[in-house]
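Reader: I'm new to this structure and would love a close look at just one part of it. Could you walk me through that part, step by step?

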Amino acid sequence: VMFAGVANMKFMAGLSASDGTEYAKAGNVATETVSAIRTVQAFNLSSTRVAQYQAILNRTAKTSVKKGVTGGVSFGFSQFLLFAAFALSLWYGGQLINALEADFAQVLRVCMAILMGAMGVGECYSMAGDTAEANLAAGRIFEILDQTPTIDNYGKEGLVLEN
(Lines give C-alpha, C1' and ligand atoms only; values in the text may rest on other atoms or scores of the structure.)
Protein backbone atom coordinates (compact mmCIF):
# COMPACT_ATOMS: atom_id res chain seq x y z
CA VAL A 1 0.00 0.00 0.00
CA MET A 2 2.83 2.37 0.86
CA PHE A 3 4.70 1.61 -2.38
CA ALA A 4 1.60 2.28 -4.49
CA GLY A 5 1.03 5.57 -2.64
CA VAL A 6 4.61 6.75 -3.11
CA ALA A 7 4.63 5.86 -6.82
CA ASN A 8 1.31 7.63 -7.30
CA MET A 9 2.59 10.74 -5.48
CA LYS A 10 5.74 10.98 -7.63
CA PHE A 11 3.86 10.52 -10.90
CA MET A 12 1.10 12.97 -9.97
CA ALA A 13 3.64 15.59 -8.91
CA GLY A 14 5.26 15.53 -12.36
CA LEU A 15 1.93 15.76 -14.14
CA SER A 16 0.69 18.57 -11.91
CA ALA A 17 3.79 20.63 -12.65
CA SER A 18 3.37 20.30 -16.42
CA ASP A 19 -0.37 21.03 -16.19
CA GLY A 20 0.25 24.10 -14.05
CA THR A 21 2.51 25.84 -16.54
CA GLU A 22 0.11 25.21 -19.43
CA TYR A 23 -2.87 26.48 -17.44
CA ALA A 24 -0.83 29.57 -16.52
CA LYS A 25 -0.18 30.22 -20.23
CA ALA A 26 -3.89 29.85 -20.99
CA GLY A 27 -4.70 32.20 -18.13
CA ASN A 28 -2.25 34.75 -19.51
CA VAL A 29 -3.93 34.65 -22.93
CA ALA A 30 -7.35 35.12 -21.32
CA THR A 31 -6.14 37.95 -19.07
CA GLU A 32 -4.41 39.80 -21.90
CA THR A 33 -7.47 39.43 -24.12
CA VAL A 34 -9.91 40.71 -21.50
CA SER A 35 -7.67 43.58 -20.40
CA ALA A 36 -7.23 44.75 -24.01
CA ILE A 37 -10.74 43.92 -25.21
CA ARG A 38 -11.12 47.20 -27.14
CA THR A 39 -7.96 46.54 -29.11
CA VAL A 40 -8.98 42.93 -29.73
CA GLN A 41 -12.36 44.08 -31.03
CA ALA A 42 -10.87 46.94 -33.08
CA PHE A 43 -8.53 44.60 -34.96
CA ASN A 44 -11.05 41.73 -35.06
CA LEU A 45 -8.70 39.40 -33.14
CA SER A 46 -11.26 37.64 -30.95
CA SER A 47 -11.28 34.44 -33.04
CA THR A 48 -7.47 34.41 -33.08
CA ARG A 49 -7.27 34.80 -29.31
CA VAL A 50 -9.91 32.10 -28.76
CA ALA A 51 -7.94 29.78 -31.05
CA GLN A 52 -4.74 30.46 -29.08
CA TYR A 53 -6.55 29.75 -25.81
CA GLN A 54 -8.05 26.51 -27.13
CA ALA A 55 -4.70 25.35 -28.55
CA ILE A 56 -3.04 25.74 -25.16
CA LEU A 57 -5.86 23.88 -23.39
CA ASN A 58 -5.84 21.11 -26.01
CA ARG A 59 -2.16 20.46 -25.24
CA THR A 60 -3.06 19.83 -21.60
CA ALA A 61 -6.02 17.58 -22.41
CA LYS A 62 -3.84 14.53 -23.15
CA THR A 63 -1.86 15.02 -19.94
CA SER A 64 -5.05 15.50 -17.93
CA VAL A 65 -6.52 12.26 -19.26
CA LYS A 66 -3.26 10.46 -18.46
CA LYS A 67 -3.34 11.93 -14.96
CA GLY A 68 -6.93 10.79 -14.45
CA VAL A 69 -6.29 7.25 -15.67
CA THR A 70 -3.12 6.92 -13.61
CA GLY A 71 -4.87 8.26 -10.51
CA GLY A 72 -7.77 5.85 -10.99
CA VAL A 73 -5.57 2.83 -11.56
CA SER A 74 -3.30 3.58 -8.62
CA PHE A 75 -6.31 4.21 -6.34
CA GLY A 76 -7.88 0.94 -7.48
CA PHE A 77 -4.61 -0.91 -6.88
CA SER A 78 -4.26 0.54 -3.39
CA GLN A 79 -7.85 -0.42 -2.57
CA PHE A 80 -7.19 -3.92 -3.87
CA LEU A 81 -4.15 -4.21 -1.61
CA LEU A 82 -6.15 -2.96 1.36
CA PHE A 83 -8.99 -5.44 0.95
CA ALA A 84 -6.66 -8.28 -0.01
CA ALA A 85 -4.77 -7.75 3.25
CA PHE A 86 -8.07 -7.69 5.14
CA ALA A 87 -9.29 -10.87 3.40
CA LEU A 88 -5.99 -12.63 4.08
CA SER A 89 -6.09 -11.68 7.76
CA LEU A 90 -9.69 -12.89 8.09
CA TRP A 91 -8.88 -16.16 6.34
CA TYR A 92 -5.83 -16.75 8.54
CA GLY A 93 -7.88 -15.77 11.60
CA GLY A 94 -10.42 -18.41 10.63
CA GLN A 95 -7.63 -20.96 10.42
CA LEU A 96 -6.45 -19.97 13.92
CA ILE A 97 -9.99 -20.22 15.31
CA ASN A 98 -10.39 -23.71 13.78
CA ALA A 99 -7.08 -24.77 15.36
CA LEU A 100 -8.25 -23.28 18.71
CA GLU A 101 -5.16 -21.04 18.85
CA ALA A 102 -7.18 -17.79 18.97
CA ASP A 103 -10.71 -16.68 19.70
CA PHE A 104 -12.96 -14.48 17.58
CA ALA A 105 -12.28 -11.28 19.57
CA GLN A 106 -8.51 -11.61 19.13
CA VAL A 107 -8.84 -12.23 15.39
CA LEU A 108 -11.21 -9.29 14.99
CA ARG A 109 -8.87 -6.95 16.91
CA VAL A 110 -5.92 -7.92 14.70
CA CYS A 111 -7.98 -7.58 11.51
CA MET A 112 -9.22 -4.13 12.55
CA ALA A 113 -5.67 -3.05 13.42
CA ILE A 114 -4.48 -4.15 9.98
CA LEU A 115 -7.42 -2.45 8.25
CA MET A 116 -7.07 0.82 10.15
CA GLY A 117 -3.31 0.89 9.71
CA ALA A 118 -3.57 0.33 5.98
CA MET A 119 -6.31 2.95 5.69
CA GLY A 120 -4.16 5.43 7.61
CA VAL A 121 -1.26 4.91 5.26
CA GLY A 122 -3.60 5.26 2.30
CA GLU A 123 -4.99 8.52 3.70
CA CYS A 124 -1.48 9.91 4.05
CA TYR A 125 -0.84 9.44 0.35
CA SER A 126 -4.31 10.41 -0.87
CA MET A 127 -3.31 14.06 -0.63
CA ALA A 128 -0.36 13.59 -2.98
CA GLY A 129 -1.92 15.51 -5.85
CA ASP A 130 -2.89 18.41 -3.59
CA THR A 131 0.60 18.51 -2.13
CA ALA A 132 2.13 18.71 -5.60
CA GLU A 133 -0.22 21.54 -6.60
CA ALA A 134 0.52 23.39 -3.37
CA ASN A 135 4.27 23.11 -3.98
CA LEU A 136 3.78 24.39 -7.52
CA ALA A 137 1.72 27.36 -6.28
CA ALA A 138 4.30 28.18 -3.61
CA GLY A 139 7.04 28.13 -6.27
CA ARG A 140 5.09 30.61 -8.39
CA ILE A 141 4.56 32.90 -5.40
CA PHE A 142 8.27 32.89 -4.60
CA GLU A 143 9.09 33.64 -8.25
CA ILE A 144 6.89 36.73 -8.05
CA LEU A 145 8.42 37.81 -4.74
CA ASP A 146 11.97 37.35 -6.06
CA GLN A 147 11.42 39.56 -9.12
CA THR A 148 13.21 42.89 -9.17
CA PRO A 149 11.12 45.74 -10.59
CA THR A 150 12.37 47.41 -13.76
CA ILE A 151 11.19 50.82 -12.56
CA ASP A 152 12.85 52.37 -9.51
CA ASN A 153 10.06 54.39 -7.97
CA TYR A 154 12.40 55.82 -5.32
CA GLY A 155 15.03 57.04 -7.81
CA LYS A 156 15.51 60.73 -8.61
CA GLU A 157 16.41 60.40 -12.31
CA GLY A 158 13.89 60.64 -15.10
CA LEU A 159 11.03 63.02 -15.86
CA VAL A 160 9.39 64.53 -12.80
CA LEU A 161 5.80 65.64 -13.33
CA GLU A 162 4.42 68.78 -11.76
CA ASN A 163 1.52 68.25 -9.35
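Author: Let's start with leucine 96, in what is a predicted model. Setting aside its neighbours within four places in sequence, leucine 96 is in contact with Glu101 and Ala102. Two of these residues, Leu96 and Ala102, also belong to the largest nonpolar core, which has eight residues in all. The other members are Leu82, Phe86, Val107, Cys111, Leu115 and Ala118. Helix H3 (46–98) and helix H4 (104–126) each supply at least two residues of this core, and H4 gives the most, with four. As a general background, nonpolar side chains tend to be buried together in soluble globular proteins.

Now look at the loop between H3 and H4, where you will find leucine 100. Is this leucine buried or exposed? Leucine 100 counts as exposed, because its relative accessibility is 77%, and the cut-off for exposed is over 50%. That sets it apart from the core residues, which are buried by definition. The backbone deserves a glance too: phi of leucine 100 is near 60°, a positive value in a residue other than glycine. Most residues other than glycine have a negative phi.

A second residue makes a nice companion to this one. Asparagine 44 sits in the loop between helix H2 (37–42) and H3. Its phi is near 55°, again positive in a residue that is not glycine. Asparagine 44 is exposed as well, with a relative accessible area of 59%.

Notes:
Residues are numbered from 1 along each chain as its sequence is written. This is a predicted model: local features need pLDDT of at least 70, side-chain atom pairs count only at pLDDT 80 or more; totals for chains, interfaces and linings use all residues. Side-chain values use heavy atoms; hydrogens and water are left out. A nonpolar core is a set of buried Ala, Val, Leu, Ile, Met, Phe, Trp, Tyr and Cys residues joined through side-chain atoms within 4.5 Å. Buried means under 20% relative accessible area, exposed over 50%, partly exposed in between (1.4 Å probe, protein chains only). Contact means heavy atoms within 4.5 Å.
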